[in-house]
Structures are given as C-alpha cells and as structure tokens.
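Colleague: I would like to learn how to read a model of this kind feature by feature. Could we begin with the charged side chains and then go on from there?

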Amino acid sequence: MMQIIHGDLIGRANSGAFDVIVHGCNCFHTMGAGLAKRIRQRFPAAYNADCRTLKGDRGKLGTCSVAPCMTQQGQSLYVINAYIQYDWRGVGRKANYDAIRQCLAWVAQTYPTHRIGLPMIGSGLAGGDWAIIEGIIEDELGALDVTIVRLSHESQIHRYIS
C-alpha cells in the first residue's frame, strides 16, 4: 500500500510516523545538499555509516548503508543511505535507475513489515524522471507500507532558511 503525501520527511520521521526512511546518496560521502544535508544534520549516524564505506567506489551503486537512529520521541528509526548515483557534479541526470531498483529491492527484502518513508528519491538534485522512479517504487515496494513524502511549500522555505 503506497501513498503519497505532502510534508517534511524528517519531521514526520521524528514524530514516529516511520520505522525506516530511505534517501538517495552519491558514492563520495558528501551529503552536502538537499535532503541528504538535512539527514546529515539531524541523524549524524547516517553520515557516519556513509563514511564507513569506500569513498568514490562505483561498486556501491545499488547498495545501501544503514544507520540505527532515534527519533525525537525516543523511537527506533533506521536511516538507509541508498547509493543511487555515482557523483553529484555536472548537469543532467545523475540518478541511476538500476541502482534505485536494486536499493529498493534490498529494502523490501530487509524491512518487509516496517513502515517505510521515502522522499521523491532520485528526482530532485539527482535529476531522475519521477514517472520512471515512481514505477520502480511501485514494482519493488508496492506491497509494503510505504509513504512517499513530497516536500511541501512550507518545508521548502524551512529548508532554505535553516
């Protein structure tokens, strides 16, 4: 059962709405922009998990690193760094659709009974086509409890202020 809502993925995760959140990463330990930057700030263990992987390793594409974290409510939350793009530099699409599929298949196998929160993974700074990515999500996670959180206008304003 997949649903799409408007809001703030991190805020909803902090309130206990999810057991797992998944976000897209590159293979170079940056987490310096967009949602990844906010995750790095709020859940530093996610960045630490990323840094325990080999920087610049193309072999990470399609794999994930996992960080057990705690919400502000004191609940357990797994933050999944999904390596869906090799690099962040340049123009055009950086999202790798095969890598997205492999990461989400792993999430489905590893967390089949968890409440999963996703951003519009791969379609923002990574430049992927949302129609393609949404189809991949439906294929890989469609039978699970998945919520896609589209960034709301208020969240966008907050993101640029903070």
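Modeller: A salt bridge is a side-chain nitrogen of Lys or Arg within 4 Å of a carboxyl oxygen of Asp or Glu. By this rule the count comes to four salt bridges. Please keep in mind that this is a predicted model, in which local features need pLDDT of at least 70 and side-chain atom pairs count only at pLDDT 80 or more, while totals for chains, interfaces and linings use all residues. Residues are numbered from 1 along each chain as its sequence is written, and side-chain values use heavy atoms, with hydrogens and water left out.

Colleague: Which parts of the chain does the pair of D8 and R38 link?

Modeller: Helices (H or I, at least four residues) and strands (E, at least two) are DSSP runs, numbered from the N terminus. The side chains of D8 and R38 meet in a salt bridge, at 3.1 Å from N to O. This pair links distant parts of the chain, since D8 sits in the loop between strand 1 and helix 1 (9-14) and R38 in helix 2, 30 residues apart.

Colleague: Are D8 and R38 buried or exposed?

Modeller: Buried means under 20% relative accessible area, exposed means over 50%, and partly exposed lies in between (1.4 Å probe, protein chains only). D8 has 19% relative accessibility and therefore counts as buried, and R38, at 12%, counts as buried too. A further salt bridge joins R115 and D19, whose closest N and O atoms are 2.9 Å apart. R115 is partly exposed, with a relative accessible area of 31%.

Colleague: Which residues are joined into one network by salt bridges that share partners?

Modeller: E140 and R101 meet through their side chains in a salt bridge of 2.9 Å, N to O, with E140 in helix 5 (residues 130-141) and R101 in helix 4, 39 residues apart. Salt bridges that share partners join R101, D139 and E140 into one network.

Colleague: How should I read the sheet, and in what order do its strands stand?

Modeller: Two strands pair if DSSP finds at least two bridges between them. Six strands form an open sheet here, in the order 1-6-5-2-4-3, and the pairing is mixed. Strand 1 (2-7) and strand 3 (64-70) stand at the edges, each with a single partner strand, so one side of each is left without a neighbour in the sheet. Strand 2 (residues 20-25) and strand 4 (residues 76-83) pair in the parallel sense over six bridges, and H23 stands opposite N81 in strand 4.

Colleague: Which strands does helix 2 touch?

Modeller: Contact means heavy atoms within 4.5 Å, and axes are lines fitted to C-alpha atoms, for helices over the stretch in contact, with angles from 0 to 180 degrees between N-to-C directions. Helix 2 (residues 34-42) packs on the sheet, touching strand 2, strand 3 and strand 4, and its direction makes about 125° with that of strand 2.

Colleague: How many aromatic pairs are there?

Modeller: Rings of Phe, Tyr and Trp (its six-membered ring) pair if their centres lie within 6.5 Å, and planes under 30 degrees apart count as stacked, over 60 as edge-to-face and the rest as tilted. By this rule the count comes to four aromatic pairs. One of them, between Y78 and Y111, is tilted, at 5.5 Å centre to centre with 40° between the planes. Y111 is buried, with a relative accessible area of 7%, and Y111 also forms an edge-to-face pair with W106, at 5.9 Å centre to centre and 80° between the planes.
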